[in-house]
Amino acid sequence: YEDLVKGMIKSGVFAFLVTWVAVFQGYDAPPTAEGMSLATTRTVVISSVLILATDFLLTLVFYGDF
């Protein structure tokens, strides 16, 4: 059950990050089709990088030797 709990914590953190980035990009986007497409692209790129970095850090915290 320990791995299941760690996986649920990770997915909750990832969901928060993606939602936060999407809301910020959508709020800042111009109200045109081009603005929305650029905001969507930026959201995907930023979220992907944040998930990669956060996954590394959370794995280090959960399984690392401190």
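In the predicted model, D55 is partly exposed, with a relative accessible area of 29%. The side chain of D55 meets that of K10 in a salt bridge, at 2.8 Å from N to O. This pair links distant parts of the chain, since D55 belongs to helix α2 and K10 to helix α1, with their positions 45 residues apart in sequence. The two partners fall into separate accessibility classes: K10, at 15% relative accessibility, lies under the 20% limit and therefore counts as buried, whereas D55, at 29%, lies between the 20% and 50% limits and so is classed as partly exposed.

The surroundings of K10 extend beyond this salt bridge. K10 is placed in helix α1, which covers residues 2-28, and its side chain also makes a polar contact of 2.7 Å with the side chain of T59. When neighbours within four places in sequence are left aside, the residues in contact with K10 are D55, L58, T59 and F62. Both the salt-bridge partner D55 and the polar-contact partner T59 thus appear in the set of residues that K10 touches.

By the rule applied here, the count comes to 2 salt bridges. Besides the pair formed by D55 and K10, a salt bridge joins K6 to E2, with the closest N and O atoms 3.0 Å apart. K6 and E2 both lie in helix α1, where they are 4 residues apart, or about one turn of the helix. An α-helix has 3.6 residues a turn, so residues three or four places apart point the same way. K6 counts as buried because its relative accessibility of 12% is under 20%, while E2, with a relative accessible area of 55%, is over 50% and is therefore exposed.

K6 and K10 belong to a set of buried residues in α1 that also contains F14, L17, V21 and Q25. The buried residues of α1 pack against α2, and the contacts of K10 with D55, L58, T59 and F62 give a detailed view of one position in that set. Helix α1 itself has 27 residues and reaches 39 Å from its first C-alpha to its last, close to the 39 Å expected at 1.5 Å a residue.

Within helix α2, which covers residues 33-63, a further position examined is S48. S48 is partly exposed, with a relative accessible area of 44%, and its side chain reaches the backbone oxygen of V44 at 2.8 Å. S48 and V13 are 35 residues apart in sequence, and their C-alpha atoms are 13 Å apart in space.

Taken as a whole, the chain has 2 helices and 0 strands. Its radius of gyration is 15 Å, whereas a compact globule of 66 residues would have a value near 11 Å. The C-alpha atoms fill a box of roughly 50 × 20 × 10 Å along the principal axes. Buried residues make up 20% of the 66 residues, and the accessible surface comes to about 5,100 Å², of which 74% belongs to carbon and sulfur atoms. Among contacts between residues at least 6 apart in sequence, 66% join residues at least 24 apart; the salt bridge between D55 and K10 is a link between distant parts of the chain, its partners being 45 residues apart.

Note on methods
Residues are numbered from 1 along each chain as its sequence is written. This is a predicted model: local features need pLDDT of at least 70, side-chain atom pairs count only at pLDDT 80 or more; totals for chains, interfaces and linings use all residues. Side-chain values use heavy atoms; hydrogens and water are left out. Buried means under 20% relative accessible area, exposed over 50%, partly exposed in between (1.4 Å probe, protein chains only). A polar contact is a pair of N or O atoms within 3.5 Å; within protein, one must be able to donate a hydrogen and the other to accept it, and residues adjacent in sequence count only if both atoms are side-chain atoms. Contact means heavy atoms within 4.5 Å. The expected span of a helix is 1.5 Å times one less than its number of residues. The radius of gyration is taken over C-alpha atoms; the globule rule is 2.2 Å times the number of residues to the power 0.38. Accessible areas come from the Shrake-Rupley method with a 1.4 Å probe; for residues, only the protein chains shown count as cover. A salt bridge is a side-chain nitrogen of Lys or Arg within 4 Å of a carboxyl oxygen of Asp or Glu.
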